[in-house]
Every structure is written in C-alpha cells, then in structure tokens.
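Thanks, everyone. I have one structure to go through, and I will keep it brief. Please have a look at it first.

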Amino acid sequence: MKLKIAVLPGDGIGPEIVAQALKVTQAVCKQFGHELSYQEALVGACAIDSVGDPYPAETHALCMDADAVLFGAIGSPKYDNDPSARIRPEQGLLAMRKQLGLYANIRPITTFPSLLHQSPLRADLVEGADFMCIRELTGGIYFGRPQGRSEDGAIAYDTCVYSVEEIERIVRLAYSCALKRRKKLTIIDKANVLSTSRLWRQVSQRLEKEYPEVETEYMFVDNAAMQIVQRPKHFDVMVTENMFGDILTDEASVITGSLGMLPSASIGIHTSVFEPIHGSYPQAAGKNSANPLATILSAALMFEYAFDLKEEGKRVREAVAASLSAKIVTADIAGSGKVYTTSEVGAWITDYIR
Ligand code: IPM
Ligand code: MN
C-alpha cells in the first residue's frame with residue numbers, strides 16, 4: 001500500500017519525538033511492504049518565526065494532500081510569557097483542527113503492566129484500566145465568538161458555543177466506538193450550570209434511544225474528574241466537549257504513569273492528524289531526553305485509523321510494550337533505573353520491529 005504522510009514536528013521537543021515516530025513508521029512500512037512517502041512542514045512558533053503565520057497556507061495544502069498527518073507539539077515560552085502577543089503558536093494548532101474539520105479527538109487511556117508502579121495511583125486501582133476519551137475538538141469555548149477584551153482592557157471574555165449538529169456528530173461517533181468496545185458510554189457535561197451542557201444532554205438523551213445496546217450514563221465534569229482517579233476502571237468510552245476533554249485527559253494520563261505515554265487521533269472531515277496529547281515541553285527541547293512513546297503510539301493509531309492497517313498498529317504497540325518490559329525508557333518513567341535517551345528508545349523500538 002502507498003502511504004503518503006505530512007510530518008509536522010512543530011516546536012520544543014516536537015522534532016525529537018517525531019523523528020522517533022517516523023523511524024518506527026518507516027520500519028513498519030518496510031516490514032509489511034508498504035511504500036511510505038512523507039514531506040515535512042512548519043507549524044507553531046517555528047512557523048511564526050520563519051513566515052509569520054503559525055499554520056501557513058503551504059502547510060495546510062500539504063496536509064490536505066496527504067493521507068495522514070503526523071504531528072509533534074507546538075508552543076513556546078516566548079509566547080506563554082507574553083499574554084499580549086497577538087499571533088500565538090496555539091492558533092496554528094487550532095487553525096489546523098478547524099480547517100481540516102477535525103471534530104473528534106480520540107484519546108485512548110491504556111495501562112502497561114510494567115509501568116503500574118510508576119503511577120501515583122495505587123496499582124490495584126490502575127491495573128486493567130482501559131478507556132477512551134472522545135473530546136470534541138472544533139467547538140466550544142476554544143472557538144466561540146465573541147472572544148476578546150473590552151476597549152479599556154478591564155474585562156476579557158470567551159464564549160462557549162455548541163450547535164445541535166456539532167453535538168450530534170460527536171455523540172454518534174462516541175456511540176459507534178462504544179459499540180466496538182464494552183458498550184458503555186459516559187457523557188460528561190456541566191448541565192447543572194451551563195446552557196451548552198444542557199443542549200449536550202438534550203441531544204444525547206434523544207440519541208441514547210437509538211443505541212439501546214449501549215449503557216449510557218451522564219456525569220458532571222467535576223464528578224468525572226474525581227472518578228477518573230478514584231475508579232478509573234469504571235469507564236469504557238467517555239465523550240465530552242472541547243475544554244473538559246482537554247483537562248480530563250491530562251488528568252487521565254497520570255493513570256498510565258506519565259503524560260509522555262498518551263497518543264491521540266484527531267479525525268473528522270479531511271485528513272486525520274495523529275499527535276501526542278502532551279505539549280512541547282520546552283525545558284527539555286534539544287536535550288534528547290523526552291519520552292517519544294506518546295508520538296510512537298500515535299503512529300500506531302495512524303496505521304489503524306488512517307490506513308485501516310490493524311496488524312501494523314499492533315506491531316508498534318507490541319514493540320512499545322517490549323521496550324517498557326525491557327526497561328528501555330526515558331527519565332520520566334525510569335524511576336531509579338537506567339535512563340535512556342529519546343533516540344535510544346526510538347532506535348530500540350525500531351530494531352525490535354525489524
Ligand atoms: C492539547 C493541547 C492543546 C489544546 C493546546 C496546545 C492548544 O493542550 O492538544 O491538548 O488545548 O487543545
Ligand atoms: Mn491539552
């Protein structure tokens with residue numbers, strides 16, 4: 001099969017971790033006889049610095065033309081520490097999501113037996129936890145207008161907006177995922193306070209009737225935040241709006257032992273994007289120390305979701321599990337054991353696949 005991908009390393013540790021995921025992707029393609037072609041493009045702070053736009057038209061054209069996008073991370077302290085900057089790296093990621101129509105962000109949370117002791121949660125709580133968070137990605141407070149400041153700068157505002165159509169398509173997608181898993185869906189909102197959440201609940205209650213095989217449960221987001229760490233095994237598929245999903249999945253990553261472990265697939269209307277859920281970790285940029293596994297596991301999702309190549313995805317996951325068992329790991333999960341570099345972990349996994 002011919003696989004044409006766009007590679008967007010972005011900022012901070014992005015280039016280092018994407019390089020490992022690309023090595024792994026190449027190894028898998030070689031093993032399974034696929035023809036891989038890829039092209040790199042700019043996104044984020046590096047794109048602002050070189051062309052003044054965090055998501056240049058050229059990058060968008062490349063993404064539209066590709067079968068899948070492998071994405072690193074964006075963000076830079078230069079902008080984080082300057083709230084008055086008008087052009088920001090994050091706008092690049094948001095523009096990409098919007099322009100590619102990526103309304104669903106799928107974040108699987110799975111545990112690895114060899115990492116159980118790394119979780120700050122008790123091993124008996126974590127062992128066997130396996131759920132999927134489906135985060136709405138192109139609506140809500142991230143995109144709602146108006147957004148801005150009053151003229152005198154004394155007031156700032158963001159607006160949370162959702163339409164029936166936006167809610168319906170993401171909740172249906174969540175039901176279709178639940179049907180392929182343990183048939184349990186938790187719909188997370190703040191319907192006791194927010195009008196958009198009440199619309200979510202209303203639409204969901206209508207759809208619920210169409211999926212009688214699935215057990216539907218509604219949960220307020222504050223309660224969900226607690227349940228995720230108190231009884232993570234309770235969940236199968238959860239679906240929620242953009243910002244709740246952003247926050248809950250960072251929280252959920254502690255279950256696995258490190259934020260550096262969680263991959264994601266963003267799917268929707270045009271080309272799908274595969275990216276780790278963590279950020280650009282600027283403190284570690286260029287140090288060859290960051291955990292590449294979230295990005296490597298995102299490549300596994302790419303094989304499965306973009307190309308329907310299940311065996312290939314499985315091979316990547318097996319190789320990652322093997323590297324964890326062999327304790328070939330970066331500092332974030334090494335504990336008191338030996339610490340390997342980003343590229344050593346990538347090379348070990350690549351060799352394993354070969
Ligand atoms: C994520 C990130 C982004 C988000 C940022 C970098 C804009 O935190 O993908 O979770 O908030 O969506
Ligand atoms: Mn986030």
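I will start with the shell around ligand 1, where helix α5, residues 89–99, gives the most, with three residues. Before going further, note that this is a predicted model.

The full list of residues around ligand 1 is Glu90, Leu93, Arg97, Arg107, Arg135, Tyr142, Asp246 and Ile277. By class, that shell has five charged residues, three nonpolar and no polar.

Now the polar contacts. Which distances separate oxygen atoms of ligand 1 from N or O atoms in the side chain of arginine 107 and in that of arginine 135? For arginine 107, the computed value is 3.0 Å. For arginine 135, an oxygen atom of ligand 1 sits 2.8 Å from a side-chain N or O atom. Aspartate 246 also takes part: one of its polar side-chain atoms is 2.9 Å from an oxygen atom of ligand 1. As for area, ligand 1 taken alone exposes 320 Å², and the protein buries 81% of that.

Next, a residue outside that list. Isoleucine 167 is placed in helix α7, residues 164–180. Is isoleucine 167 buried or exposed? Its relative accessible area is 0%, and the cut-off for buried is under 20%, so isoleucine 167 counts as buried. Leaving aside residues up to four places away in sequence, isoleucine 167 touches Tyr162, Leu199, Trp200 and Val203.

One last distance, from isoleucine 167 to glycine 92. The two are 75 residues apart along the chain, and their C-alpha atoms are separated by 24 Å.

That is what I had; questions are welcome.

Note on methods: Residues are numbered from 1 along each chain as its sequence is written. Chains are lettered from A and ligands numbered from 1 in the order in which they are written. This is a predicted model: local features need pLDDT of at least 70, side-chain atom pairs count only at pLDDT 80 or more; totals for chains, interfaces and linings use all residues. Side-chain values use heavy atoms; hydrogens and water are left out. A residue is near a molecule or strand if one of its heavy atoms lies within 4 Å of it. A polar contact is a pair of N or O atoms within 3.5 Å; within protein, one must be able to donate a hydrogen and the other to accept it, and residues adjacent in sequence count only if both atoms are side-chain atoms. Accessible areas come from the Shrake-Rupley method with a 1.4 Å probe; for residues, only the protein chains shown count as cover. Helices (H or I, at least four residues) and strands (E, at least two) are DSSP runs, numbered from the N terminus. Ala, Val, Leu, Ile, Met, Phe, Trp, Tyr, Cys and Pro count as nonpolar, Asp, Glu, Lys and Arg as charged, and the others, Gly among them, as polar. Buried means under 20% relative accessible area, exposed over 50%, partly exposed in between (1.4 Å probe, protein chains only). Contact means heavy atoms within 4.5 Å.
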